[in-house]
Amino acid sequence: MRETPEELDRLQSLLDSSLSGSTSHLRSIVEGRTITAAQLTGVLTGMCTLALSTVTAKGEPRISGADGHFLHGRWHFGTARNAAKARHLAARPAASVAHLRGEDLGVFTHGTVEELNPEDAEATADWQELLAYLKDFYGDDSFDWNREVVYYRLNPHWMTVYAPDLDKLTST
């Protein structure tokens with residue numbers, strides 16, 4: 001867990017407001033079957049496969065997979081700079097991601113992406129911290145980190161979690 005108390009508070013507020021503002025149908029499924037922000041950050045460690053949804057120039061939805069890392073209460077993911085999803089996100093930064101583990105966990109997030117390591121501009125202030133984490137996870141020489149891959153942070157405006165049995169998620 002890399003979250004500060006402030007980041008956990010912000011994440012918990014997001015989870016609470018997202019669920020309270022959701023439809024009665026969604027609340028009937030999720031209420032009583034969710035976990036706290038602190039529990040969620042304990043479950044979402046390492047690489048989590050994401051289903052990433054973007055939109056084409058014609059407004060058509062596209063879904064693809066991405067390696068997701070939940071750090072500081074937000075999803076981080078990357079792709080090849082020449083990938084279709086990179087073009088979609090550059091033009092239309094709204095995105096949704098879902099992380100599912102069978103019937104035991106569903107994390108659903110909507111937000112706007114922020115490019116962390118633009119090719120022709122200054123990287124974000126926290127890019128070096130994320131890059132160190134990624135190199136430790138994938139290996140220092142896995143990519144040309146400056147030219148081959150682009151990384152994003154999904155700044156969420158809505159997130160909900162379905163986790164009916166925390167014990168199943170934390171037992172090994």
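**Helix 5, Val149 and the barrel**

Let me begin at a turning point in the chain: just after helix 5, Gly139 adopts a positive phi of about 110°. Please keep in mind throughout that what we are looking at is a predicted model.

Stepping back from that glycine into the helix itself, helix 5 covers residues 127-138, which makes 12 residues, and from its first C-alpha to its last it reaches 16 Å, close to the 16 Å expected at 1.5 Å a residue. Which residues of helix 5 are buried? They are Trp127, Leu130, Leu131, Tyr133 and Leu134. If we look down the axis of helix 5, these buried residues fall within an arc of 160°, so they line one face of the helix. As a general reminder, an α-helix has 3.6 residues a turn, so residues three or four places apart point the same way. On the face turned away from the buried side of helix 5 we find the exposed residues Gln128 and Asp136. As for what covers the buried residues, the list includes strand 2 (61-71), strand 3 (74-80) and strand 6 (149-162).

Those strands bring me to the sheet. It is a closed barrel of 6 strands, running 1-2-3-6-5-4 with antiparallel pairing, and the twist from one strand to the next averages 40°. Within this barrel, strand 2 and strand 3 pair in the antiparallel sense over 4 bridges, and Gly68 has Phe77, in strand 3, as its bridge partner.

Two further helices pack on the sheet. Helix 1, residues 5-20, touches strand 2 and strand 6, and its direction makes about 55° with that of strand 6. Helix 4, residues 84-91, touches strand 1 (48-55), strand 2, strand 3, strand 4 (94-101), strand 5 (105-115) and strand 6, and its direction makes about 55° with that of strand 1.

Finally, I would like to take one residue of strand 6, namely Val149, and ask whether Val149 is buried or exposed. Its relative accessible area is 7%, and with the cut-off for burial set at under 20%, Val149 is therefore buried. Leaving aside residues up to four places away in sequence, Val149 touches Thr79, Arg81, Asn117, Phe143 and Asp144. Of these contacts, the one with Thr79 deserves a second look on the screen, since Val149 and Thr79 lie 70 residues apart in sequence and yet 5.5 Å apart in space, C-alpha to C-alpha.

Terms used:
Residues numbered from 1 in each chain as written. Predicted model: local features only at pLDDT ≥ 70, side-chain atom pairs only at ≥ 80, totals over all residues. Heavy atoms only, no water. Helix = DSSP H or I, 4+ residues; strand = E, 2+ residues; numbered from the N terminus. Expected span 1.5 Å × (residues − 1). Buried < 20%, exposed > 50% of the residue type's maximum accessible area, 1.4 Å probe, protein only. Arc of directions from axis to C-beta. Contact = heavy atoms within 4.5 Å. Pairing = 2+ DSSP bridges. Axes fitted to C-alpha atoms, helices over the stretch in contact; angles between N-to-C directions.
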